[in-house]
Amino acid sequence: MRIVSGIQPTGNLHLGNYLGAIRNWVAMQDEWTARGATCLYFLADLHAISMPHKPEELAASTREMVAALVSCGIDPDRSILFNQAQVPEHAQLQWLLNGTARMGWLNRMTQWKDKAGKNREGASVALFTYPVLQAADVLLYNATHVPVGEDQKQHLELARDIAQKFNNDFCPEDAPLFIQPEPIIPPEAARIMSLRDGTAKMSKSDPSDMSRINLTDDADAIMAKVRKAKTDPEPLPSDKAGLEGRAEAANLVGIYAAMAGTSVEAVLGQFGGQGFGAFKPALGELLVEKLSPMAARYRELREDRAALDAILAKGAQKARALAVPTLDAAYAALGLVR
C-alpha cells in the first residue's frame with residue numbers, strides 16, 4: 001500500500017495550518033506505516049508556480065514547510081518527504097499524460113474556474129493543466145490511496161480517468177500500467193478562524209499578527225494573543241446550540257476541542273457557565289503545552305538550511321527509486337525511443 005499526499009509550501013505557518021493539514025499527515029504516518037504502508041509526502045513547489053510568486057519566497061517557504069512538518073511529527077526515516085522539483089519524473093510524467101487528458105475534462109475543473117475567475121485568457125497554462133500534474137503526482141508512485149478533502153475529490157476522479165484511458169489506449173488488457181488510487185477521507189479538519197474576527201479564516205496574510213498563533217510564537221506570545229482574542233460579554237453556554245451567532249466564542253471553543261482531542265460538547269460540559277476570564281487562561285495553557293515543544297524544534301530547524309536540504313535530498317532519492325520504473329514503463333508504452 002502506498003499513500004501519496006502533497007501540500008503547497010507556504011511560509012509563516014500558524015495554528016490553522018497545523019490543525020488543518022499537518023496533524024492529519026502525522027496521524028496517517030503513524031497509522032499506515034504501522035500497517036506496512038509507504039507514505040510519500042511532497043511539497044508541491046511545481047504547483048506553486050502556476051500562480052504569480054516570488055522565487056526567493058518560494059525557496060524560503062519550501063524549507064520552512066519542511067521544518068514545520070518535521071517539528072510537528074513527520075519522520076523522514078518512516079515517511080518519504082521531498083519536494084517535486086527534485087524529482088523531475090513528476091514533470092516528465094505530466095507531459096506524457098497531457099496526451100491522454102482531454103480539454104473537456106480540464107475545463108470542468110472547479111478550481112480552474114475559481115482561481116482563473118473572469119481573467120481566463122490571462123491565467124497561466126500551468127494553472128489550467130495542473131490537475132494533470134496532480135494525476136502524475138499519484139500515478140507516478142502507483143499510489144493505492146490518496147487523502148482527499150471536499151475540494152480535491154474532483155481531481156482524484158480526473159487522475160482515475162486518466163489512468164483508465166492510458167491503460168485502455170496503450171497497455172495490454174491483462175497488464176495495465178497504472179492502478180486507480182482510492183480516496184482516503186481524513187477526519188474533518190478543524191476550521192480555525194482569526195482571533196480578531198471569528199468570521200474570517202486564520203491567515204498569514206492578515207496584517208495583524210494578533211489574529212493568529214504562529215508556530216514560531218513562544219509561550220508569552222501565545223498567552224498574550226489568547227488573552228486579547230476577541231470575544232463577547234456572555235458566559236460560555238452549556239451546549240453547542242448556544243454558540244450559534246457567537247463566531248468568536250465558537251472559534252475559541254473549537255480550538256480548545258481540537259488541541260485537546262475532544263469534542264465541542266465536552267469542552268462546554270467543562271466550561272459552560274464560566275466567562276472568558278476563566279476560559280482564556282485554560283486555552284492559552286493548553287496551547288502552550290501542546291505547541292511549545294513543536295515551536296522550539298521548528299525555530300531551531302528552520303535556521304539549519306543544510307539539515308533541511310539534506311532531508312529533501314534524502315527523500316527525493318527514495319522517491320526517484322520508486323518513480324523511475326513507472327516513468328520508464330510509460331515511455332515504453334507510448335512507443336518513445338530513448
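## Tyr18 and the nonpolar cores

In this predicted model, Tyr18 touches Arg23, Cys72, Leu215, Met259, Leu291 and Met294, leaving out residues up to four places away in sequence. Tyr18 also belongs to the largest nonpolar core, which has 61 residues. Within that core, Tyr18 is one of six residues that touch the most other members. The other five are Leu15, Met259, Phe279, Leu287 and Leu291. Two of these, Met259 and Leu291, are also on the contact list of Tyr18. Helix α12 gives the most to this core, with 11 residues.

Another core lies apart from it and has 44 residues. Among them are Phe42, Ala116, Leu127 and Phe178.

## Leu97 in helix α4

Leu97 sits in helix α4, which covers residues 89-98. Buried or exposed: which is Leu97? Leu97 is buried, because its relative accessible area is 0%, and the cut-off for buried is under 20%.

The neighbours of Leu97 beyond four places in sequence are Val132, Ala135, Ala136, Leu139, Ile162, Phe166 and Phe178. Phe178 is named above as a member of the 44-residue core. Ile192 is not on that contact list. The C-alpha atoms of Leu97 and Ile192 are separated by 37 Å, with their positions 95 residues apart along the chain.

## Strand β4 and the loop before it

Val146 lies in strand β4. With a relative accessible area of 9%, Val146 is buried. Val146 touches Val4, Val138, Leu156, Pro181, Glu182, Pro183 and Ile184, not counting residues up to four places away in sequence. Take Glu182 from that list. Glu182 and Val146 are 36 residues apart in sequence, yet 6.3 Å apart in space, C-alpha to C-alpha.

The loop between α7 (125-139) and β4 (145-147) holds Asn142. Phi of Asn142 is near 45°, a positive value in a residue other than glycine. Most residues other than glycine have a negative phi.

## Helix α9 and its buried lysine

Helix α9 spans residues 219-227. Its buried residues are Ile222, Ala224, Lys225 and Val226. Helix α12 (276-302) is included in what covers them. Asp218 caps the N-terminal end of α9. A side-chain oxygen of Asp218 lies 3.3 Å from the backbone nitrogen of Asp220.

Lys225 has its place in α9. Why does Lys225 count as buried? Its relative accessibility is 3%, and buried means under 20%. What does the side chain of Lys225 make a polar contact with? The partner is the side chain of Asp217, at 2.7 Å. Beyond its neighbours within four places in sequence, Lys225 is in contact with Leu195, Asp209, Met210, Arg212, Ile213, Asn214 and Asp217.

## Asn251 in helix α10

Asn251 is found in helix α10, residues 247-260. Asn251 counts as buried, at 5% relative accessibility. Its contacts include a run of residues: Arg191, Ile192, Met193, Ser194 and Leu195, with residues up to four places away in sequence not counted. Leu195 is also a contact of Lys225.

## The second largest pocket

The second largest pocket has a volume of about 400 Å³. It is lined by 19 residues. Which of them are the closest to its centre? They are Pro9, Thr10, His53, Ser61 and Lys204.

Helices α2 (45-48) and α3 (55-71) each supply at least two residues of the lining. The largest share, five residues, comes from α3. By class, the lining has six nonpolar, eight polar and five charged residues.

## Ala307 in helix α13

Ala307 is placed in helix α13, which covers residues 305-333. Ala307 counts as partly exposed, because its relative accessibility is 23%, and partly exposed runs from the 20% cut-off for buried to the 50% cut-off for exposed.

How far apart in space are Ala307 and Lys201, C-alpha to C-alpha? The distance is 32 Å, and the two residues are 106 residues apart in sequence.

Notes:
Residues are numbered from 1 along each chain as its sequence is written. This is a predicted model: local features need pLDDT of at least 70, side-chain atom pairs count only at pLDDT 80 or more; totals for chains, interfaces and linings use all residues. Side-chain values use heavy atoms; hydrogens and water are left out. Buried means under 20% relative accessible area, exposed over 50%, partly exposed in between (1.4 Å probe, protein chains only). Helices (H or I, at least four residues) and strands (E, at least two) are DSSP runs, numbered from the N terminus. Contact means heavy atoms within 4.5 Å. A polar contact is a pair of N or O atoms within 3.5 Å; within protein, one must be able to donate a hydrogen and the other to accept it, and residues adjacent in sequence count only if both atoms are side-chain atoms. On a 1 Å grid over the protein atoms alone, a cavity is a set of points where a 1.4 Å probe fits but cannot get out, and a pocket is an open set with protein on both sides within 12 Å along at least five of seven lines; lining residues have an atom within 4 Å of a point. Grid points are joined across faces, edges and corners, and a volume is the space filled by probe spheres set on the points. Ala, Val, Leu, Ile, Met, Phe, Trp, Tyr, Cys and Pro count as nonpolar, Asp, Glu, Lys and Arg as charged, and the others, Gly among them, as polar. A nonpolar core is a set of buried Ala, Val, Leu, Ile, Met, Phe, Trp, Tyr and Cys residues joined through side-chain atoms within 4.5 Å.
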